[in-house]
Structures are given as C-alpha cells and as structure tokens.
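Work through the exercises below with the model in view. Try each task before reading its solution.

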Amino acid sequence: MILKRVVVTGMGALTPIGNTLSEYKEGLFSGTSGAGPITRFDASKFKTRFACEVKGLDMAQFIPRQEARKMDLFTQFAVVVGEEAVRDSGLDLEKVNLDRAGIIWGSGIGGLKTFEEEVLSFGNGDGTPRFNPFFIPKMIADSASGILSMRMGFRGPTYVTVSACASSNNAMIDAFNYIRLGKIDFCLTGGSEAAVTQAGVGGFNSLKALSERNDDYLTASRPYDKDRDGFVLGEGGAGLILEEYEHALARGARIYAEVIGGGMSSDAYHITAPHPDGIGAYMCMKNALEDAGISPEDIDYINTHGTSTPIGDPQEIKAIERLFGEHAYKLNISSTKSMIGHLLGGAGAVEAVASILAIQHQLIPPTINHFTDDPEFSTRLNLTFNKPQSRPVNIALSNTFGFGGHNTCVIFRKM
C-alpha cells in the first residue's frame, strides 16, 4: 500500500506568552517568560503560588457567554485555537467534503475546574445532590472534540486521546495515520489543558513535581540548569490542520511543513518517574525515525520534553546521546517549556507548533533561564541557552512524554 503524504496547512495557538499564532511566535523567539503569580484562585497557602497562565483573553470575543457556560475552560481553549487553525488554513468549509474531515484532540485531564467546583459545592452542602446538568458534559475530556465538530460540521472520526502529557502528540500521530491511510482528507488536531486549579496545583505539589521558586517565578522553569527544582504548570493549547498533500495542492493551500513520522513507546517502569536509562525515550525516537525513513543524522533540531525536573531532563538527554551518537553534538536542542511552562496534555501541540516555526524561520527558539551548568550534561551539547540561534532547519523532532511511561515523538520536514 502506498501511504499518502501529510502536510500542515493551518495552525492556531493560545499560550502563556501569546494568545495567537503570531504572538506566540514573537514570544518564542524573544525568549519571553510566561510565568506569574496565580490569579485563577487564592494560592497564598500553596507551596507553589505561580504558574504560566493565559493572559488578557476576552473569551466573549470567541464564544457567547451563554455557550461558554456549558464548556469547561479547556474546551473553550480548544475552540479558540481550533477555529484559528481552520481560518489560518484557508479551508472553505462549504467546498470540502466534511464527511472526510476529522477532529482528533488531546487532553491529559479534561474538565478539572468543572469537576473541582461541582464536588466542592456538593461537599459544602447538606448532602442534597444539586449538580449542574452540564457537569458531566463539561468535565469529560472528549467534550473538546465534540464541541469542535459541532461548531465546524466535521463528520469524520472525532475523539480525544488521553495519555497524560503525551496526549496531544498521540492525537497528532492518530491524525497523521488516518490521513496517510486515505481514511480522511484533513484533520483538526492538537490539544488543550486548563489545570491551573486548586486540585491541579495542590496535586502536583503533593508529588513534589512543581518548582517552588516563588521568590523568582519568572526564571523558575530552568530545563538543564543545575538548580532546576521542578516544572511550572502552564495552560492553553494549540491546533493544527493536517491535510493530505494532494488535497492541499488542489486548493492552493500554503504548506508550513510535512509530517513524516511518529513514534510511540512505553517505559513499563513507574507511574510518574521515567526509566533511569531513558530506554522509553530512546525507543520512541528510534521508532519515529524508522517510521519517517530517515537516519539520526538527518535531524537538525529537537524540541525536547525538557520539563525542568531533576530526574526527567537527564534521562531524555541520555536517550538523545545514545541514539544520535556524535550527531547529538551537531544539532540544536531546546526546551520551550522554559518559556511557556508545562501544558500537560496540550504540551505536544504547542511544541509541535514551535518546531514548525523553527523550520519556517530557520531559527531555534531558546531554552531560557539558564544560569548554572549542570555537570551531568556534556558541554558539547548545544542546548540553545538563553538566546535563539539561526541555523538551517530541514527536519525537526518533537518529544512529549507522560506520567505512566507514555512516550511520543513527531517529526516534521521542510517542504
């Protein structure tokens, strides 16, 4: 069977450093930190009192208030970025076959704020079950894809993938496979998350996963720095239109990049910690390279999972050095989580967009907030510290790993 080619023809982004694709691009290449004091609830008694929140967004510009009340914030984020991606693609929805249009979304947690509010309300009551009739539809993770399909009329495969922080990479890989197998013509894919809540921050604090650098929150996300102390929770999301190549050509679409491979693996090791030797990350990248039919030497840039945790960062670097050998010291590596924090199930989507922007502009977004070299990382590695770097970028690889040992990798190529 001859597999069809798949290209990216539209993108949308809503992040802690920009509420549109163009704003996100500007924030990435200027090395902006999206961290700030938490505003979504009173965090004064929490160990971590800051996060990377979306800022200055007037949701009423995108969704009427009456409709927004029926959606959790993560679904509202999905609507914003999904509709931007469709607009950006130039698709005329009256001229394409919507029976062959899919929506495959990713979210690691789904409607956490909705769940939190309803359960707290019940717990603080007299035991009488007074629940919002939209409680369940708002909370469940698949509401994002369902709402998007209803707003756009897409009638192809529509669902949400849930694999913790690997969720939106899994969604993109599924979309890629549906298109190259000829099942659909195009797909809105990506992911969103809205977990800056009492339960979200408190839960990750109890795992000792979050940075507690409250006195210096702007620089708290420090991937590969000796003094990193945990990740910074982020929110938002990104959407991408993946489209069959000939379908895109026929309508004269602008093409950002080609999707050429996807890889997955499992650590089979621990519910939260990565394998100490990085074997899952290694196999995931190896599988993606084989799927793309390329060699390690073909990669120019790796957007790493790079969460700024003491044990996570070294394992990914071990895997990169093992797989890429000497070429590991010739490519650029960066973690854009240093700027936007960790968007959990939405991370893969926003980082895929960052990888595609690196290809489009031949410019590597930096790993900001680097102050002290960690002797655990070879000085031969180019971790793109603090400033963007210009270089030829023909192929970029984006890693996203999730609690439970879920590993995903997507590869993009310049057209």
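**Exercise 1. Find the contacts of Ser163 and place the residue in the chain.**

Solution. Start with the contacts, meaning heavy atoms within 4.5 Å. Setting aside residues up to four places away in sequence, Ser163 touches Asn170, Gly402 and His406. Next, the place: Ser163 sits in the loop between β5 and α7. Helices (H or I, at least four residues) and strands (E, at least two) are DSSP runs, numbered from the N terminus. Last, the burial: Ser163 is buried, because its relative accessibility is 8%. Buried means under 20% relative accessible area, exposed over 50%, partly exposed in between (1.4 Å probe, protein chains only).

Two notes before going on. This is a predicted model, where local features need pLDDT of at least 70, side-chain atom pairs count only at pLDDT 80 or more, and totals for chains, interfaces and linings use all residues. Residues are numbered from 1 along each chain as its sequence is written, and side-chain values use heavy atoms, with hydrogens and water left out.

**Exercise 2. Locate the residue that UniProt lists for "active site" and describe its surroundings.**

Solution. Step one: the UniProt record, an unreviewed entry, lists Cys165 under this name. UniProt positions are given in the numbering used here, feature names are shortened, and annotations may be inferred rather than shown by experiment. Step two: Cys165 is in the loop between β5 (158–161) and α7 (167–180). Step three: Cys165 has a relative accessible area of 9%, so it is buried. Step four: beyond neighbours within four places in sequence, Cys165 is in contact with His305, His342, Leu344, Gly345, Ala347, Thr400, Phe401 and Gly402.

**Exercise 3. Which residues does Thr197 touch, leaving out those up to four places away in sequence?**

Solution. Begin with the loop between β6 (186–193) and α8 (198–206), where Thr197 is found. The contacts of Thr197 are Phe41, Leu112, Lys113, Glu116 and Gly202. Now take Phe41. Thr197 and Phe41 are 156 residues apart in sequence, yet 6.9 Å apart in space, C-alpha to C-alpha. Thr197 counts as buried because its relative accessible area is 2%.

**Exercise 4. Describe how the two domains meet.**

Solution. First set the bounds. Domain 1 covers 8–257 and domain 2 covers 261–413; such bounds come from an automatic or database domain assignment. Their C-alpha centres lie 21 Å apart. The contact draws 64 residues from domain 1 and 72 residues from domain 2.

Then take the area. The two domains bury about 5000 Å² between them, 68% of it on carbon and sulfur atoms. Buried area is the accessible area (1.4 Å probe) that two parts lose on being put together, summed over both. On the domain 1 side, Phe29, Tyr224 and Arg228 lose the most area to domain 2, together 19% of what that side buries.

Now count the pairs. Between the domains there are 3 salt bridges, each a side-chain nitrogen of Lys or Arg within 4 Å of a carboxyl oxygen of Asp or Glu. There are also 23 residue pairs in polar contact, both at pLDDT 80 or more. A polar contact is a pair of N or O atoms within 3.5 Å; within protein, one must be able to donate a hydrogen and the other to accept it, and residues adjacent in sequence count only if both atoms are side-chain atoms.

Finish with the elements. Those giving two or more residues to the side of domain 1 that touches domain 2 are β1 (6–14), α1 (21–30), α7, β6 and β7 (236–244). Of these, α7 gives the most, with 8 residues.

**Exercise 5. Is Asn399 buried or exposed?**

Solution. Find strand β13 (residues 395–402), which holds Asn399. Asn399 is buried, because its relative accessible area is 0%. Its side chain makes a polar contact of 3.1 Å with the side chain of Glu316. Other contacts of Asn399 include Asn169, Met285, His305 and Cys409.

**Exercise 6. What is the phi of Thr384, and what is that of Asn386?**

Solution. Thr384 has a positive phi of about 55°, although it is not a glycine. Asn386, also not a glycine, has a positive phi near 70°. Thr384 is in the loop between β11 (363–364) and β12 (389–390), and Asn386 is in the loop between β11 and β12 too. Now check burial. Thr384 is buried, with a relative accessible area of 0%. Asn386 is partly exposed, because its relative accessibility is 36%.
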